[in-house]
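Thanks for coming, everyone. Please take a moment with the picture on the screen, and then we'll walk through it together.

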Amino acid sequence: MLDVPKADRKAELRRTLLKARQSMSVRDWREKSDRICSHLQTSILFAQAKTILAYFSFRQEPDLSPLFANTKYRWGFPRCVGKSLHWHIWEPNDNLQIGAYGITEPHANAPSIDPIEVDLVLVPSVACDYQGYRLGYGGGYYDRLLNSPEWFAKPTIGIVFDFAYLPQLPIEPWDKPLKTVFSETGLTQKD
């Protein structure tokens, strides 16, 4: 296994985990997603936040949409622009569009969010490991975001299903560990 390049190991792991995720029944997916939402609502990081960046579920990612109706929070969602994520405020009655890669996103004219306003980032993940590292889809969008100076210190929570919470992922020098990880069994915090 050591002679297989990290990129190849990541790609194979990504394929395996996405297949497992997409093979979940809708009932199982909904139940596990609802448990993640319940755990998030009892989290101190979540409760203390005012502006939270999230995502719209794609390819059977954990669905956090039951949380978005809570107007106690200001919600932000990403729009893919070139190789970057641009963040916009979204409210439950706002229109959405299908953007890059078939992902639901706010319209370009939706109000932008300044990084200084953000209290918490909920990060979609194909997998996370016990050290807080994540495996995404391979586009590097969140890696670039979380390594940029204005985002570097923001609290982050990786969102995964339990089967994708692994002891260790292959990591690259640009990978930045997330502060915490949530699955349907609750919160984990790296040391």
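Let's begin at Ile-159, whose bridge partner in strand 11 is Phe-182. Before going on, a word on the model: it is predicted, local features need pLDDT of at least 70, side-chain atom pairs count only at pLDDT 80 or more, and totals for chains, interfaces and linings use all residues. Residues are numbered from 1 along each chain as its sequence is written, and side-chain values use heavy atoms, with hydrogens and water left out.

Back to that pair of strands. Strand 9 and strand 11, residues 180–183, run parallel and are joined by three bridges. By strand I mean a DSSP run of E with at least two residues, by helix a run of H or I with at least four, numbered from the N terminus. Two strands pair if DSSP finds at least two bridges between them.

Now, which strand does strand 6 run parallel to, over four bridges? The partner is strand 9, and there Ile-157 stands opposite Leu-122.

Which way do the residues of strand 9 point? Thr-156 and Gly-158 go one way, Ile-157 and Ile-159 go the other, and all of them are buried. Buried here is under 20% relative accessible area, exposed is over 50%, and partly exposed is in between, with a 1.4 Å probe and protein chains only.

Thr-156 deserves a closer look. This threonine sits in strand 9, residues 156–159, and has a relative accessible area of 1%, so it counts as buried. What does Thr-156 touch, once residues up to four places away in sequence are set aside? The list is Leu-120, Val-121, Val-123, Leu-146, Leu-178, Lys-179 and Thr-180; contact means heavy atoms within 4.5 Å.

Leu-120 brings us to strand 1, residues 51–53, where we find Ile-52. Between Ile-52 and Leu-120 there are 4.9 Å in space, C-alpha to C-alpha, although they are 68 residues apart in sequence. Ile-52 has a relative accessible area of 0%, and is therefore buried. Not counting residues up to four places away, Ile-52 touches Phe-46, Tyr-73, Arg-74, Trp-75, Gly-76, Leu-120 and Leu-122.

A little further along the chain comes Ala-54, in the loop between strand 1 and strand 2. Buried or exposed? Ala-54 is buried, because its relative accessible area is 0%. Leaving out neighbours within four places in sequence, Ala-54 is in contact with Phe-68, Trp-75, Gly-76, Phe-77, Pro-78, Trp-87 and Leu-122. For comparison, the C-alpha atoms of Ala-54 and Val-126 are 15 Å apart, with their positions 72 residues apart along the chain.

Two of those contacts, Pro-78 and Trp-87, are themselves bridge partners, with Trp-87 on strand 3. How do strand 2 and strand 3 pair? They are antiparallel, over seven bridges, and together they form a hairpin with two residues between the strands. In the turn, have a look at Gly-82, where phi is positive, about 60°. As for strand 3, five of its seven residues are buried, so the rest of the structure largely encloses it.

Trp-87 is also a good way into the largest nonpolar core. That core has 27 residues, and the members touching the most others are Leu-53, Trp-87, Ala-127 and Trp-151. A core here is a set of buried Ala, Val, Leu, Ile, Met, Phe, Trp, Tyr and Cys residues joined through side-chain atoms within 4.5 Å. Helix 1, strand 3 (84–90), strand 6 (120–124), strand 7, helix 4 and strand 10 each give two or more residues. Helix 4 has the largest share, with four.

Trp-151 shows how this is put together: beyond its neighbours within four places in sequence, its contacts are Leu-53, Trp-87, Pro-115, Val-118, Val-121, Leu-145 and Leu-146. There is also a second, separate core of 24 residues, among them Trp-29, Ala-49, Leu-122 and Phe-161.

One last stop: an open sheet of three strands, in the order 8-7-10, with mixed pairing. Which strands are at the edges? Strand 8 and strand 10, residues 165–166, each pair on one side only. Strand 7, residues 127–129, runs parallel to strand 10 with two bridges, and Asp-129 has Leu-166 of strand 10 as its bridge partner.

Thanks, and I'm happy to go back to any of these spots.
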